[in-house]
Amino acid sequence: MAKVYVLHENTEWTIHLTRQLDALGVPYEEWHLDEGQLDLSQTPPEGVFYSRMSASSHTRNHRYAAEFTGAVIGWLEKHGRQVINGSRALQLEVSKAAQYLALQAAGIRTPETVVAVGKQNILQAAAKFKGRPFITKHNRAGKGLGVQLFHTSEALETYLEGPTFEAPVDGITLVQEYIQAPESFITRCEFVGGKFLYAVQVDTSGGFELCPADACQVGDLFCPVGEAVSEKPKFQIIPGFHDAIIESYESLLAENQIGVAGIEFIRDMEGNIFTYDINTNTNYNAEAERAGDIYGMRVLAQYLSEQLERLRPTRNLFTDSMTI
């Protein structure tokens with residue numbers, strides 16, 4: 001019997017989805033891909049395969065989970081299986097440089113960014129911003145990995161040579177212009193089945209840890225200076241959100257064969273939108289969803305159920321024969 005297969009490496013982020021699949025009676029199986037083996041001579045089972053592989057998997061001691069998942073997805077795609085968030089999505093998940101190139105190809109504005117390998121090259125990249133504030137971040141990130149704000153190259157050099165420097169897992173650091181927003185929040189747009197679901201406003205005044213999952217609390221990895229911590233909810237769904245950027249995002253997702261994603265943007269002082277992150281392993285915040293009475297994992301489970309139904313034989317009412 002065909003079923004939904006959930007490919008992942010973090011049960012804490014997947015249990016909310018499997019609960020919804022259980023509630024709908026959808027047959028499913030989890031493939032936990034932090035390690036394992038794959039016989040390329042075998043044929044994959046029938047079903048719908050949904051990848052929730054995360055760029056931050058290495059922070060959970062699953063160093064090669066993304067690489068192994070890439071091999072598994074390649075095997076599935078070679079055999080013509082339906083993979084939601086397949087090889088292209090995984091490529092973007094583990095590389096912000098690839099994300100920015102895809103965004104730019106779609107005509108979507110991104111912050112000015114320089115890719116650098118090696119401490120001296122990171123310093124040289126920072127010189128490009130000529131006195132403007134800038135941030136550094138890991139190319140393969142998630143959970144705000146490596147995000148630091150600097151106002152001078154001297155401060156960056158002190159960090160690079162100091163004990164708190166955090167080397168990226170793939171060796172690639174991005175040096176990026178700092179977008180000054182009039183208010184301390186960013187906007188995250190959620191998509192299921194390639195279609196817009198809702199937008200959530202994320203308060204950044206207490207730090208730039210933006211993972212909405214309930215289990216994702218990694219501390220203040222990025223702290224805008226001089227701002228007080230807000231007592232309002234960190235995540236709030238924006239009722240009736242509409243912006244022309246949504247159409248551009250949906251086109252981007254279709255072009256890159258991404259079914260499920262969260263895309264984050266920030267507005268500068270003039271109201272210009274800068275898109276800086278595509279999360280193909282998206283999570284949802286329970287408190288925000290209860291307040292907004294909309295539930296991403298429920299919609300996702302329904303979407304996976306619909307995709308599975310399309311694989312099943314249907315009965316021809318006129319001939320009473322089974323057809324595909």
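A polar contact here is a pair of N or O atoms within 3.5 Å, where, within protein, one must be able to donate a hydrogen and the other to accept it. I start my notes with that, since several entries lean on it. I also remind myself that this is a predicted model.

**Entry 1: serine 57**

I looked up serine 57 and found it in the loop between E3 and helix H2 (65-78). Its side chain reaches the backbone oxygen of serine 54 at 3.1 Å, and the cut-off for a polar contact is 3.5 Å. Is serine 57 buried or exposed? I read 0% relative accessibility for serine 57, so this loop residue counts as buried. I then listed what serine 57 is in contact with, leaving aside neighbours within four places in sequence: Glu9, His62, Ala65, Ala66 and Arg140.

**Entry 2: the parallel sheet**

Next I traced the strands. Four of them form an open sheet with parallel pairing, in the order E2-E1-E3-E4. Strand E2 (28-32) and strand E4 (82-84) are the edge strands, and each pairs on one side only. I noted an average twist of 25° from one strand to the next.

I zoomed in on strand E1 (residues 3-8) and strand E3 (residues 47-51), which pair in the parallel sense over five bridges. Which residue in E3 is the bridge partner of valine 4? I found valine 48 there. I also checked what covers these strands: helix H9 (residues 296-311) lies across E1, E3 and E4, and runs at about 150° to E3.

**Entry 3: tyrosine 50**

I stayed in strand E3 for tyrosine 50. With 0% relative accessibility, tyrosine 50 counts as buried. Not counting residues up to four places away in sequence, tyrosine 50 touches Tyr5, Val6, Leu7, Leu17, Ile84, Asn85, Val260, Leu300 and Leu304. The side chains of tyrosine 50 and arginine 52 are joined by a polar contact of 3.4 Å. I also took one C-alpha separation: tyrosine 50 and glycine 86 lie 36 residues apart along the chain, and their C-alpha atoms are separated by 7.8 Å.

**Entry 4: the antiparallel sheet**

I moved on to another open sheet, this one of five strands with antiparallel pairing, in the order E11-E10-E9-E12-E13. Strand E11 (235-237) and strand E13 (273-279) stand at the edges, and each has a single partner strand, so one side of each is left without a neighbour in the sheet. Direction ignored, neighbouring strands here are turned by 30° against each other on average.

I followed strand E9 (residues 185-192) into strand E10 (residues 195-203), and the two pair in the antiparallel sense over eight bridges. Glutamate 190 stands opposite tyrosine 198 in E10. How many residues lie between E9 and E10 in their hairpin? I found two residues between them, and glycine 193 in the turn has a positive phi of about 65°.

On the other side I looked at E10 and E11, which pair in the antiparallel sense over three bridges. Glutamine 201 stands opposite glutamine 236 in E11. I also checked how covered E10 is: seven of its nine residues are buried.

**Entry 5: helix H5**

For helix H5 (residues 119-127) I asked which residues are buried. They are Ile122, Leu123, Ala125 and Ala126. Seen down the axis of H5, these buried residues fall within an arc of 160°, so they line one face of the helix. I looked up what that face packs against and found strand E5 (113-116), strand E6 (134-138), helix H6 (153-161) and strand E8 (173-177).

**Entry 6: glutamine 99**

My last stop was glutamine 99, which lies in helix H4 (residues 96-105). Its relative accessibility is 1% and the limit for buried is under 20%, so glutamine 99 counts as buried. Where does the side chain of glutamine 99 reach at 2.9 Å? I found the backbone oxygen of leucine 92 at that distance. Leaving aside neighbours within four places in sequence, glutamine 99 is in contact with Leu92, Glu93, Tyr276, Asp277 and Ile278. I cross-checked the last three names against the antiparallel sheet: strand E13 covers 273-279, and Tyr276, Asp277 and Ile278 are among the contacts of glutamine 99.

Note on methods:
Residues are numbered from 1 along each chain as its sequence is written. This is a predicted model: local features need pLDDT of at least 70, side-chain atom pairs count only at pLDDT 80 or more; totals for chains, interfaces and linings use all residues. Side-chain values use heavy atoms; hydrogens and water are left out. Two strands pair if DSSP finds at least two bridges between them. Helices (H or I, at least four residues) and strands (E, at least two) are DSSP runs, numbered from the N terminus. Axes are lines fitted to C-alpha atoms, for helices over the stretch in contact, and angles run from 0 to 180 degrees between N-to-C directions. Contact means heavy atoms within 4.5 Å. Buried means under 20% relative accessible area, exposed over 50%, partly exposed in between (1.4 Å probe, protein chains only). The arc is that of the directions from the helix axis to the C-beta atoms.
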